[in-house]
Amino acid sequence: MISQSVHPDDGGREGKWVALIILTILATAALLLPYHQNASSEKQLASHQISIKDLPTVELAMIGELRLAHEEIRNIHQDSLEFEGVDAWPDMAELDELWLAPFIIDKSWERKGKHAWRKVAPALYQGIPALTTGSVAVILNSQAARPDVWLALDMRNPAPMMGSTLNTAELISAGWKQVVFTGDAIANVDQADETHTDKDSH
Amino acid sequence: MDTIRHWAQLGVDAGWLSESFSYSFMVNAVVAAILLGPLLGGLGTLVIAKRLAFFSEAVGHAALTGIALGVLLGEPAENPIIGLFSFCMIFALLLHFVRNRTNVPYDTLVGVFLAFALAVGAALLMYVARKINIHMLENVLFGSILTITDYDLLILAVTCGVILLVLIPTFNRILLTCISPDIAKVRGYATNFYDYLFVMMITLVTIASVKIVGAVLVGALLLIPGATARLLTKNMGSFVLMSALLATISCLIGTILPMELKLPIPSGAAIIIVSTSFFLTATCYRIVRKG
Amino acid sequence: MGPAIRLQNVGLKYGDNVILEDISHYLEAGQCHVIMGPNGGGKTSLLRSILGLTPFTGAIDIQWPEHKGNIGYVPQKATFESSLPFTVMDFILLNQSRNPLFWRKRKKEQDHALAQLDRVGMANRTDRRMGQLSGGEQQRVLFAQSLLDNPDLLVLDEPTTGMDEQGVRYLESLIHELVRENKTILAVHHDVSAVRRLDGQVHVVNRQLVDSGPVSEVLRADKIERLFNHYTGGNVSTLNPAQGVK
């Protein structure tokens, strides 16, 4: 004969388990938190660099559009490499035809400062504003997968670029500032960009 | 992921897929929708069976506070995962525990917790607002497909995988626990364990969905596809499958369509609108059928 | 062979509310035991305590003759929402295995389920929603569920409530069948004539054990009248007859 003792159903165990789980969560969180701190605030920026977080909104809009344009430009370059075997970067006419912001002339372009865009060299584009209200002069370098954007933040009248390649040293000494993106902050710029472009009438 | 994006690019070039798929965040969003949809639908059926719809609303809103807490404690603003996870999980466990152990009517209890979560969340978020930009708040509340990184997708995939692995062997037990806890106990099922396990699964999936659907509406996504499926199916098996299908379709349409139509509405809103329209259609269908 | 059940000083109270008080008893193996008594007297509480569902005090032992067997439980009712697409077959399968309902159903399980449903006469209703069945039909399905594991101890809480005549007949024949197989049956029952037909042991509970013995002794004409009265016996105070909770 096997005697099975019946256990009454009282609730003490439930409370203990819940407390245990909660404490485990808190302990794990406390343990992991120091490793998951906002890293970008610690990154040291060089004197010629500026974090995207420290840029005024008017620049963010420009940069947002440039980011998307950058992808488009790289796509075109990729296509011409693959399908035509030519290492060609789109010129302004082509970008205009594609109705690609911020190069096209529309209300948004006016608000940004009526930049005159030109293709300085393969993968290198410069825009110099005609107005002082709006964004400053910009250089977009699309050589690498990540967009490389330079802003003439401290310069009143930046000189149009010469030369066929991007000379970083020259830019730095001329006073251009390189924008440093944080990993996910780029996406926020896109969001800012989205709302801006949608309000504009193309 | 790069492979998938490459395929998407090929699809765009071939003309099957539209332009928007050449954006990496778009492909990311679609993958996220495919990962989340079935799980939200499937778990939603249990939420409906257990009448925990209000509860999952509360957990969704707790996500707001969790995010604010994470940012406050120094986590990166785009991914305050420790704060989010810890707060939401503790919140859910406490809520369920208090429900089990006291006589407070359920809707009152959840109402109090929900209001508390939202209030504290709003307060903290305003306080940390100087650290984050305003668009982040909008993203947290209503979701944004633009902010889904590969890292997010990895976490999403792992979370969904784990939940699915746990759900499959425990589904029956959880369902029996809610229909007749007595029968379940006599059969030797650890009813409390399954109860809390379910609560934790709901919380996990809510946390995982916050980025796409947003804290305000994520609870709704556990509810609406299930409610729709309930009107259309005749047994539990097809109920679950139909709910998963509807949730996935809603997520997909909700992420793709605004991009296609160039509507600047947050993805969470779009998904819920699509989901609700399915529900309304099903309701009308049923009314017409009966009348 | 079904088990015997031993109760020693079993008591149950919620706060100041005493439901059961100092019950010591021995329920013999292989018999049909019916628990009767007035409403609120603690019948269901006693049953549930034996199943381990209440915070009782005292000791309850289930004495299996050879090896530990299975317990089948038919609760008084279960909540079935009529809008949930939850069919009879779903319910039985749910009790059988971990194989989730949205997966492919295994034939063996379905056959086993159908066999039990057939024993209660519900085999042709497998596609109906549980919430749409009548109370008596739901009871029948609950009964089928309890038979799944071939229980040696079957516990029934008012099994024929709301049942139609056909259901009652199914049930009684099943109980007789189980008694013939020497299983132990424990049931709370109201229907005196049904209990007579069952011909087992009757135990009257009204917070304490009031009476116990074979049907012929306990359900005598003179005793029956008082069976359902809230009489209190002996030293128990009359101020607080067990109320509400059963």
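# A tour of the contacts around chain C

Chain C and chain A together bury about 1,100 Å², and carbon and sulfur atoms give 53% of that area. Buried area here is the accessible area, taken with a 1.4 Å probe, that two parts lose on being put together, summed over both. You are looking at a predicted model, where local features need pLDDT of at least 70 and side-chain atom pairs count only at pLDDT 80 or more, while totals for chains, interfaces and linings use all residues. Residues are numbered from 1 along each chain as its sequence is written, chains are lettered from A and ligands numbered from 1 in the order in which they are written, and side-chain values use heavy atoms, with hydrogens and water left out.

**Stop 1: chain C against chain A**

Start by selecting C:Phe56, C:Ile62 and C:Trp64. These residues supply 31% of the area that chain C buries against chain A, more than any other three residues. Now widen the selection to the whole contact (heavy atoms within 4.5 Å). You should have 17 residues of chain C and ten residues of chain A.

How many residue pairs are in polar contact across the interface of chain C and chain A? The rule finds three, with both residues at pLDDT 80 or more. A polar contact is a pair of N or O atoms within 3.5 Å; within protein, one must be able to donate a hydrogen and the other to accept it, and residues adjacent in sequence count only if both atoms are side-chain atoms.

Next, colour α1 (43–50) and β4 (57–64) of chain C: each supplies at least two residues of the side that touches chain A. The names follow DSSP runs, numbered from the N terminus, with helices (H or I) of at least four residues and strands (E) of at least two. The most comes from β4(C), with five residues. By class, this side of chain C has nine nonpolar, five polar and three charged residues. Ala, Val, Leu, Ile, Met, Phe, Trp, Tyr, Cys and Pro count as nonpolar, Asp, Glu, Lys and Arg as charged, and the others, Gly among them, as polar.

Stay on β4(C) and add strand β1 (residues 2–5) of chain A. The two strands pair in the antiparallel sense over four bridges; pairing requires that DSSP finds at least two bridges between the strands. To see one of the partners, select A:Ser3 and C:Gln63, which are bridge partners.

**Stop 2: chain C against chain B**

Now bring in chain B. Chain B and chain C bury about 2,700 Å² between them, 60% of it on carbon and sulfur atoms. The contact takes 31 residues from chain B and 32 residues from chain C. Select B:Asn172, B:Ile179 and B:Arg187, which supply 23% of the area that chain B buries against chain C, more than any other three residues.

How many salt bridges are there between chain B and chain C? The count is four, where a salt bridge is a side-chain nitrogen of Lys or Arg within 4 Å of a carboxyl oxygen of Asp or Glu. In one, the side chains of C:Glu81 and B:Arg51 meet at 3.4 Å, N to O. Another is formed by B:Asp182 and C:Arg48, whose closest N and O atoms are 3.0 Å apart. B:Asp182 lies in helix α8 (residues 181–186) of chain B and C:Arg48 in helix α1 of chain C, so this pair joins two chains.

There are also eleven residue pairs in polar contact between chain B and chain C, both residues being at pLDDT 80 or more. On the chain B side, colour α2 (24–49), α7 (150–179), α8 and α11 (236–260), the elements that give two or more residues to the side touching chain C. The largest share, ten residues, comes from α7(B).

**Stop 3: inside chain C**

Finally, hide the other chains. The domain assignment, automatic or from a database, gives domain 1 (1–64 + 152–246) and domain 2 (81–151) of chain C. Their C-alpha centres lie 27 Å apart. The contact takes 21 residues from domain 1 and 13 residues from domain 2.

Select C:Leu154, C:Tyr170 and C:Leu174: they supply 37% of the area that domain 1 of chain C buries against domain 2 of chain C, more than any other three residues. The count between these domains is two salt bridges. For a last view, zoom in on the salt bridge where the side chains of C:Arg119 and C:Glu177 meet (3.2 Å, N to O).
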